[in-house]
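Hi,

Here is the structure I promised to pass on to you. Have a look at it first, and then read my notes underneath.

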Amino acid sequence: MENENQLNLTAIQEKMKFLGFNNSSLAEQLGVTREIVSKWVTGKKNPRPRHMLELAKTLSLKFEEIIIPDLPEPIIAFRKRGRSKTTKDHVERAKQMGESLKSLLPYLPFDISKKPAVLLNPKNEFNYIKRIVKKLREDLNLSDIDVFQYEKIIELFKNYHAVLIPVLWGVKDYHENAIHIYLPDSMTTWIYLNLEVEKHDFKFWMAHELGHVLATDLIGDEGEDFADSFAAELLFPSEVAEHSYKKITQNKTESSKISYIKNIAKKYEISPYTVYSQVNLYAKTNGLQNLELKAIHGAAKNFNKSFPKISEIIFNNQTPDVSAYIYKSEKLLQTSFFKSLKKFILSEEVNFTYLKDILKISIPVAKEIYDELKNGSE
């Protein structure tokens with residue numbers, strides 16, 4: 001937009017109708033083209049400040065009546081790996097994506113006029129996280145020892161106005177394995193999930209993103225730390241960590257301890273390092289001796305490679321065409337994203353470049369997805 005102030009399109013359109021203006025007659029009055037006015041009144045372009053004042057005067061509206069207050073900007077979180085750093089460019093690109101996603105709000109299947117039931121005054125504190133996870137498991141009729149399947153996490157997203165966006169971005173060593181965009185004005189969350197990651201990693205990221213969704217008040221490093229702690233507790237509760245600590249310490253050698261940890265990790269479909277971290281958190285909290293396993297990082301890395309990628313599971317180790325990508329990822333994630341996007345495309349004057357911008361994909365791929373959504377069957 002050329003101007004930060006956003007036009008109050010409803011007020012302008014109603015006043016045009018009341019005064020008998022159409023796009024052509026208003027354009028003539030203001031000394032601009034009909035195409036320019038059309039872009040103004042459909043929200044595709046903002047007038048320059050001079051034209052903004054002339055528009056208000058012509059429609060007999062006060063300046064403050066033709067604009068709406070600046071809305072809070074999108075809040076961004078990245079699911080990162082290793083020592084990756086978030087740059088200003090990363091954040092700005094994601095914010096632009098968030099602004100573009102606002103166009104889909106009228107086409108979502110849930111009522112965005114109602115506030116989702118998120119946590120009140122969340123905090124990254126062990127006993128607090130333990131308590132809310134226990135309550136969440138109880139609500140889902142899961143015991144402390146039950147394996148938390150990622151399908152359960154998907155079900156929960158729907159309750160919190162979270163929209164899952166499946167993407168095929170290839171292997172990402174740094175950013176963009178998952179991008180979390182929260183729009184405060186609508187209290188909706190948009191989560192980009194890269195399907196080209198191992199199953200156990202995908203599951204942890206889903207749990208991590210659920211932590212963000214529940215704790216919208218926590219942002220930055222505090223929000224990341226909360227989401228990581230929440231995910232670890234959700235997938236491997238403290239009660240299980242306590243039992244595991246006792247069993248692990250009964251083993252005499254480091255290799256036997258790591259072998260036991262790997263068996264637990266396999267059962268819960270999580271990384272051995274998550275087990276290791278949770279067990280040591282239990283030890284620290286209860287004044288016990290930490291496990292010191294030097295080979296755990298290498299063992300976890302090799303263990304993790306044994307899991308197939310989510311994309312391989314969904315698409316049977318084949319490169320999917322656009323139709324299969326949409327249908328099968330919809331089926332896996334139970335997401336409303338593609339249906340909302342289809343409704344938007346059919347209702348508004350939008351082309352494939354919109355998809356290129358919000359999905360961060362190439363022009364040819366954007367064209368394929370656009371054509372499938374516009375012309376394909378339901």
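Let's start with helix α17, where the buried residues pack against α5 (88–101), β4 (162–167), β6 (188–194), α16 (337–347) and α18 (363–375). Before you go further, keep in mind that this is a predicted model.

Which residues of α17 (352–359) are the buried ones? They are Tyr 354, Leu 355, Ile 358 and Leu 359. If you look down the axis of α17, these buried residues fall within an arc of 105°, so they line one face of the helix. Just after α17 comes Lys 360, and its phi is positive, near 55°.

Now turn to α16. Its buried residues are Phe 337, Phe 338, Ser 340, Leu 341, Lys 342, Phe 344 and Ile 345. The elements covering them include α5, β4, β6, α15, α17 and α18. Try clicking on Phe 337: setting aside its neighbours within four places in sequence, it touches Leu 101, Leu 104, Val 163, Leu 164, Ile 165, Trp 190, Ile 358 and Leu 359. You've already met Ile 358 and Leu 359 as buried residues of α17.

Phe 337 also brings us to the largest nonpolar core, which has 102 residues. Phe 337 is listed among those with the most contacts inside that core, together with Trp 190, Tyr 192, Leu 210 and Phe 230. Helix α8 (199–214) gives this core its largest share, 8 residues. Another core lies apart from it, with 17 residues, and Leu 7, Val 32, Leu 59 and Leu 61 are among them.

Next, two pairs of helices. How do α10 (238–250) and α11 (254–268) sit relative to each other? Their axes come within 10 Å and cross at roughly 150°. An angle over 145 degrees counts as roughly antiparallel, so that is the label for α10 and α11. The crossing is right-handed. On the α10 side, Val 240, Ser 244, Lys 247 and Ile 248 make the contact, and they meet Lys 257, Tyr 260, Ile 261, Ile 264 and Tyr 268 in α11.

The other pair is α2 (23–30) and α3 (34–41), whose axes come within 8 Å and cross at roughly 110°. That makes α2 roughly perpendicular to α3. The crossing of α2 and α3 is right-handed. From α2, the contact uses Asn 23, Ser 24, Leu 26, Ala 27 and Leu 30, while α3 brings in Arg 34, Val 37, Ser 38, Trp 40 and Val 41.

Finally, here are some single residues to find for yourself. Is Glu 269 buried or exposed? You'll find Glu 269 in the loop between α11 and α12 (272–285). Buried means under 20% relative accessible area, and Glu 269 has 19%, so it counts as buried. Leaving out neighbours within four places in sequence, Glu 269 is in contact with Gln 149, Lys 199, His 200, Lys 203 and Phe 307.

Gln 318 is in a loop too, between α14 (310–314) and α15 (322–333). Gln 318 is exposed, with a relative accessible area of 59%. Its C-alpha atom is 29 Å from that of Lys 343, which is 25 residues away along the chain.

Lys 367, in helix α18, counts as partly exposed at 40% relative accessibility. The C-alpha atoms of Lys 367 and Thr 274 are separated by 41 Å, and the two residues are 93 apart along the chain.

Cheers

Technical notes:
Residues are numbered from 1 along each chain as its sequence is written. This is a predicted model: local features need pLDDT of at least 70, side-chain atom pairs count only at pLDDT 80 or more; totals for chains, interfaces and linings use all residues. Side-chain values use heavy atoms; hydrogens and water are left out. A nonpolar core is a set of buried Ala, Val, Leu, Ile, Met, Phe, Trp, Tyr and Cys residues joined through side-chain atoms within 4.5 Å. Buried means under 20% relative accessible area, exposed over 50%, partly exposed in between (1.4 Å probe, protein chains only). Helices (H or I, at least four residues) and strands (E, at least two) are DSSP runs, numbered from the N terminus. Contact means heavy atoms within 4.5 Å. The arc is that of the directions from the helix axis to the C-beta atoms. Axes are lines fitted to C-alpha atoms, for helices over the stretch in contact, and angles run from 0 to 180 degrees between N-to-C directions. Angles under 35 degrees count as roughly parallel, over 145 as roughly antiparallel, 65 to 115 as roughly perpendicular and the rest as oblique. A crossing is left-handed if the near helix is turned anticlockwise from the far one by less than a right angle, and right-handed if clockwise.
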